[in-house]
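I opened this notebook to record what I looked up, one topic at a time. The entries below follow the order in which I went through the model.

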Amino acid sequence: MAYYYEEASRTFSEYLLVPNLTTKQCTPANVDLKTPISKFKRDEQPEIELNIPFTSAVMQAVSDDRMAVALAQNGGLAFLFGSQSIESQAEMVRKVKGYKAGFVVSRSNLTPDHTLQDVLDLKELNGHSTVAVTEDGTPTGKLLGIVTSRDYRISRDKLDKPVREFMTPFSSLIYGKAGLSLKEANDLIWEHKLNTLPVIDENQRLTHLVFRKDYDRNKEYPNELLDGNKRYRVGAGINTKDYLNRVPALVEAGVDVLVIDSSDGYSEWQADTVKYVKENFNVKIGAGNVVDREGFLYLVQSGADFIKVGIGGGSICITREQKGIGRGQASAVQEVVKARDEYFEETGVYIPICSDGGIVHDYHVTLALAMGADFVMLGRYFARFDESPTKKLKVGGNFVKEYWGEGSNRARNWERYDTGGKQTLLFEEGVDSYVPYAGSLKENLDKTLGKIKSTMCNCGSLSIAELQRKARITLVSATSLVEGGAHDVILKENTSFSAD
Ligand code: RVP
């Protein structure tokens with residue numbers, strides 16, 4: 001006879017936190033959100049920690065190198081999507097590891113033989129008014145000059161005037177030498193009243209541009225997630241099919257943390273993959289997704305550094321409808337956390353847990369942490385921001401961004417859903433959708449973090465570990481759910497009164 005769980009499977013919205021005593025020290029400014037991402041022994045420190053408990057989903061619509069830089073700047077970690085070629089994923093890792101805050105690879109480039117018309121076209125296309133003039137027109141060619149809007153007058157100059165005749169030539173440029181620090185670059189910018197400082201290597205080849213406006217922006221990140229060499233940390237998703245080729249390339253490129261990306265991780269393929277990585281490389285690897293004690297223990301015993309929890313709760317996910325597998329996210333986290341805590345008691349090894357998918361409100365993150373997760377993974381949340389890789393569109397008068405599941409026909413990530421057999425996506429497990437555009441990552445994340453810290457203070461907790469120990473959590477009835485939102489009032493923003 002089949003096994004029946006005694007409890008219904010529950011989601012985060014069915015729970016609330018009950019406040020504890022808030023002491024005077026318990027202010028948001030004193031809350032520390034550092035959290036482990038790799039396993040560690042009792043009384044030892046984890047080798048890798050996040051500065052905030054946020055990771056971005058292994059998805060085409062969410063995590064590319066731009067998202068990875070933005071999230072690391074704010075203390076979290078992106079997992080670069082794996083449904084791309086090994087070369088392009090490794091290149092993304094290299095871009096993040098090679099990223100120098102404030103040093104930008106030139107995006108507008110021409111040769112001296114181009115014309116004023118070309119300058120204007122380029123400006124129209126990408127909005128940049130500074131154009132680097134290089135011998136071959138590439139971003140890293142030999143630097144011959146710079147054009148800014150101060151170098152030409154559209155009313156006087158002919159549109160076919162060659163760039164060489166009006167650019168500021170190299171001989172008149174102030175430039176920095178590769179290797180200089182952002183502070184040194186900024187000093188040159190101020191000393192010479194520049195807007196842009198080109199940086200060149202020993203062969204006069206352009207390496208970067210530094211813009212005056214970027215300096216202040218790059219001082220704004222006190223929480224950056226850096227490795228021992230002051231480079232941003234970055235994660236990457238892998239699968240259980242091509243790991244023999246993919247993992248060496250990602251490690252070579254400098255990846256910090258791998259995660260096996262699968263809708264159902266309780267499989268022998270995952271155990272093989274984890275073992276291979278642990279035996280051959282010194283890199284952290286998470287495994288999943290699982291939703292129960294058995295799945296957790298199986299992957300931990302194969303050597304995983306953290307375990308990812310969640311099946312079917314993602315906003316774009318239709319796995320539960322299509323296949324009838326899954327579990328309410330809150331119940332899944334609770335059972336896996338219990339198994340983790342028992343494992344810690346028995347062995348003295350702490351395994352961090354990631355709650356993946358199904359976060360709808362900011363307080364869901366706090367609940368996931370209070371229930372024992374060490375960090376969360378989010379797709380929809382990050383897809384809404386400027387930094388996600390997808391298009392921003394206007395639909396029905398509102399700005400939206402595209403967001404599609406890895407199991408949708410658009411992503412065709414069959415490796416994520418494969419259970420053996422034909423190597424193709426047999427049916428969809430995800431949808432293609434829009435999410436409301438929400439602006440910049442930093443602005444939104446700061447607000448979310450503010451809410452989490454404030455709730456933690458209500459619960460008398462200054463760290464995630466303290467919250468996990470002290471949290472008191474109550475189930476809510478369907479009727480009290482109604483009480484939780486605005487009710488029995490007429491909301492002003494939804495009302496238009498007419499004068500007569
Ligand atoms: P959400 O944050 O609710 O948008 O969920 C994101 C998660 O959904 C991902 O981290 C992944 O586990 C899952 N996912 C991604 N694609 C699909 C799908 O197509 N079904 N599901």
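**Entry on Arg 212.** I began with Arg 212, which I found in helix H6, a helix covering residues 212–218; the model I am reading is a predicted one. I then asked myself whether Arg 212 is buried, exposed or partly exposed. I counted 15 other C-beta atoms within 10 Å, and because a residue needs 20 or more to be buried and 12 or fewer to be exposed, Arg 212 is partly exposed. Setting aside residues up to four places away in sequence, I noted that Arg 212 touches Ile 189, Leu 194 and Asn 195. I also looked up the separation between Arg 212 and Ala 486, which are 274 residues apart along the chain, and their C-alpha atoms are separated by 46 Å.

**Entry on the whole chain.** I next looked at the domain assignment, which gives domain 1 as 12–100 + 221–484 and domain 2 as 103–215, and I noted that the C-alpha centres of the two domains lie 40 Å apart. For secondary structure I wrote down 17 helices and 25 strands. The radius of gyration is 26 Å, close to the 23 Å that the globule rule gives for 500 residues, so I recorded the chain as being as compact as a globular protein of that length. The C-alpha atoms fill a box of roughly 85 × 75 × 50 Å along the principal axes, and buried residues make up 42% of the 500 residues. Among contacts with a separation of 6 or more, 63% come from residues 24 or more positions apart.

**Entry on the "active site" record.** Which residues carry the feature "active site" in UniProt? The unreviewed entry places this feature at Cys 317 and Arg 416, and although they are spread over 100 residues of sequence, the largest C-alpha distance is 12.6 Å, so to speak a cluster in space. I found Cys 317 in the loop between strand E18 (306–309) and helix H10 (319–323), where Cys 317 counts as buried with 24 C-beta neighbours inside 10 Å. Leaving aside neighbours within four places in sequence, Cys 317 is in contact with Gly 312, Gly 357, Gly 405, Glu 429 and Gly 430. Arg 416 belongs to helix H14, residues 414–417, and is buried as well, with 26 C-beta neighbours inside 10 Å.

**Entry on the "binding site" record.** The unreviewed UniProt entry places the feature "binding site" at Asp 261, Ser 262, Ser 263, Gly 310, Ile 311 and Gly 312. These residues span 52 residues in sequence, yet no two of their C-alpha atoms are more than 13.7 Å apart, so they gather at one spot. Asp 261 sits in the loop between strand E16 (257–260) and helix H8 (268–280), and Ser 262 lies in the loop between E16 and H8 too. I recorded Asp 261 as buried, with 28 C-beta neighbours inside 10 Å, and Ser 262 as buried, with 29 other C-beta atoms within 10 Å. Beyond the neighbours within four places in sequence, the contacts of Arg 416 include Asp 261, Ser 262 and Ser 263, which ties an "active site" residue to residues of the "binding site" record.

**Entry on the ligand.** Last, I looked at the ligand, which is surrounded by 23 residues, the closest being Gly 314, Gly 379, Gly 405, Gly 407 and Gly 430. By class, I sorted this shell into 8 nonpolar, 11 polar and 4 charged residues. Strand E21 (375–378) and helix H13 (380–383) each supply at least two residues of the shell.

Methods:
Residues are numbered from 1 along each chain as its sequence is written. This is a predicted model: local features need pLDDT of at least 70, side-chain atom pairs count only at pLDDT 80 or more; totals for chains, interfaces and linings use all residues. A residue is near a molecule or strand if its C-beta atom, placed from the backbone, lies within 6 Å of it. Helices (H or I, at least four residues) and strands (E, at least two) are DSSP runs, numbered from the N terminus. Ala, Val, Leu, Ile, Met, Phe, Trp, Tyr, Cys and Pro count as nonpolar, Asp, Glu, Lys and Arg as charged, and the others, Gly among them, as polar. Domain bounds come from an automatic or database domain assignment. The radius of gyration is taken over C-alpha atoms; the globule rule is 2.2 Å times the number of residues to the power 0.38. Two residues are in contact if their C-beta atoms, placed from the backbone, lie within 7 Å. UniProt positions are given in the numbering used here, feature names are shortened, and annotations may be inferred rather than shown by experiment.
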